[in-house]
Amino acid sequence: MQKPIILSGIQPTAKLTLGNYLGAVKNWVKLQNEYLCYYMAVDQHAITVKQDPVQLRQNTLFAVATYLASGVDPKTSHIFVQSHVPQHTQLAWILNCFGYMGELNRMTQFKDKSQSSGKNIRVGLFTYPLLMAADILLYDTDLVPVGDDQKQHVELTRDIAQRLCGLFGDDTVKEPKPYITGPGARVMDLLSPDRKMSKSAENEKGTIFLADTSKQVEKKFKQAVTDSGTEVSYSEDKLGVRNLIDIQSAITGRSPDEIVSSYEGKMYGHLKVETAAIVNEELAPIRAETERYLNDPGELENILKQGAEKAREHASKTIERIYRKVGFHI
Ligand code: TYM
């Protein structure tokens, strides 16, 4: 019997962050045996904002190397680069003709990102959720493991799927479900814990990059904003402390309550130092493996070639089906 299908991706707009790892990649690895998985680096999404072409190419390989180093198994999961599979943009155009301006206008990520784009907001930034919907619908995806910030985009994909099935029949596309779970679903910025940790934060000191050295990680956690109190507790009005507990919990699997009780009589300083140590213990082997993959481009290229072939195999069937449904002559 065919396993249910997962698809997910990360934008290679910069080196990946602890948020990307805990919100997405760690779950990808956890789910990969029960599902047939398609994991990609979404370079076409990346150019919705300004990119340096050389950096974009490097970051794409870095993302893929990170997936592998984190434990995604290329023998069973298909790892590929979005632009290697032309069906993504083919379907995106069709979805541009079935998505509504009103629903795209409601996307909070567009509102946030367009604010920092200045006067010339790229059209692709506005229609980007439809490219993401195309990514998902192309593979008859059952489950989309993402962080909390992508929930709205997956919900939009579900609306579009229902619309297409309503117009052209239930077998047109499959309606996917989001998989957003656990304390890693929303990792916050270490300096502004009311904002999510992001690759493009103004101040990089609030973001843990997977490529950071152990020393940099220690320093960033030491400088993490907590509050003026001292007692370690898990509550809505202590966002900074809560974030550190969530990070520990996402890595160790211990509950926030357990973590809090282990800090009885200790200070914030202990929490910061120990969170850094837990993060470093998790990331150090991934960092080393990522380097190893990047030093062996032949192996990476091979994996990407095979991944793209498998992806095209599935995507071309879906696009043919949808072309027929919408009335294209094929
Ligand atoms: P992107 O590149 O912004 O983020 C990649 C993944 O990391 C998650 N994430 C976080 N999780 C927890 N805490 C954070 N601070 C944090 N920051 C990021 C994101 O939720 C995401 O899962 N549009 C998507 C990429 C995409 C995609 C897709 C995802 C394109 N096509 C199809 C799933 C399916 C994006 O920009 O993610």
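This section describes the ligand site and helix H13 of a predicted model.

The ligand is surrounded by 28 residues. Gln11, Tyr128, Asp135, Asp149 and Val187 come nearest. By class, the shell comprises 13 nonpolar, 10 polar and five charged residues.

Polar contacts involve both side-chain and backbone atoms of the protein. Tyr128 places a polar side-chain atom 2.5 Å from a nitrogen atom of the ligand. Val187 contributes through its backbone: a polar atom there is 2.8 Å from a ligand nitrogen. Asn20 lies 3.1 Å from a ligand oxygen, again by a polar side-chain atom. On its own, the ligand has 710 Å² of accessible area, and the protein covers 97% of this. Three elements give two or more residues each to the shell. These are strand S1 (5-10), helix H1 (18-31) and helix H7 (123-137).

Helix H13 spans residues 297-326 and has 30 residues. From first to last C-alpha, H13 reaches 41 Å. The expected value, at 1.5 Å a residue, is 44 Å, and the helix comes close to it.

Buried positions recur along H13. Among them are Leu300, Ile303, Leu304, Gly307, Ala308 and Ala311. His314, Ala315, Thr318, Ile319, Ile322 and Tyr323 are buried as well. An α-helix has 3.6 residues a turn, so residues three or four places apart point the same way. After H13 comes Gly327. The phi of Gly327 is positive, near 100 degrees.

Terms used:
Residues are numbered from 1 along each chain as its sequence is written. This is a predicted model: local features need pLDDT of at least 70, side-chain atom pairs count only at pLDDT 80 or more; totals for chains, interfaces and linings use all residues. Side-chain values use heavy atoms; hydrogens and water are left out. Helices (H or I, at least four residues) and strands (E, at least two) are DSSP runs, numbered from the N terminus. The expected span of a helix is 1.5 Å times one less than its number of residues. Buried means under 20% relative accessible area, exposed over 50%, partly exposed in between (1.4 Å probe, protein chains only). A residue is near a molecule or strand if one of its heavy atoms lies within 4 Å of it. A polar contact is a pair of N or O atoms within 3.5 Å; within protein, one must be able to donate a hydrogen and the other to accept it, and residues adjacent in sequence count only if both atoms are side-chain atoms. Accessible areas come from the Shrake-Rupley method with a 1.4 Å probe; for residues, only the protein chains shown count as cover. Ala, Val, Leu, Ile, Met, Phe, Trp, Tyr, Cys and Pro count as nonpolar, Asp, Glu, Lys and Arg as charged, and the others, Gly among them, as polar.
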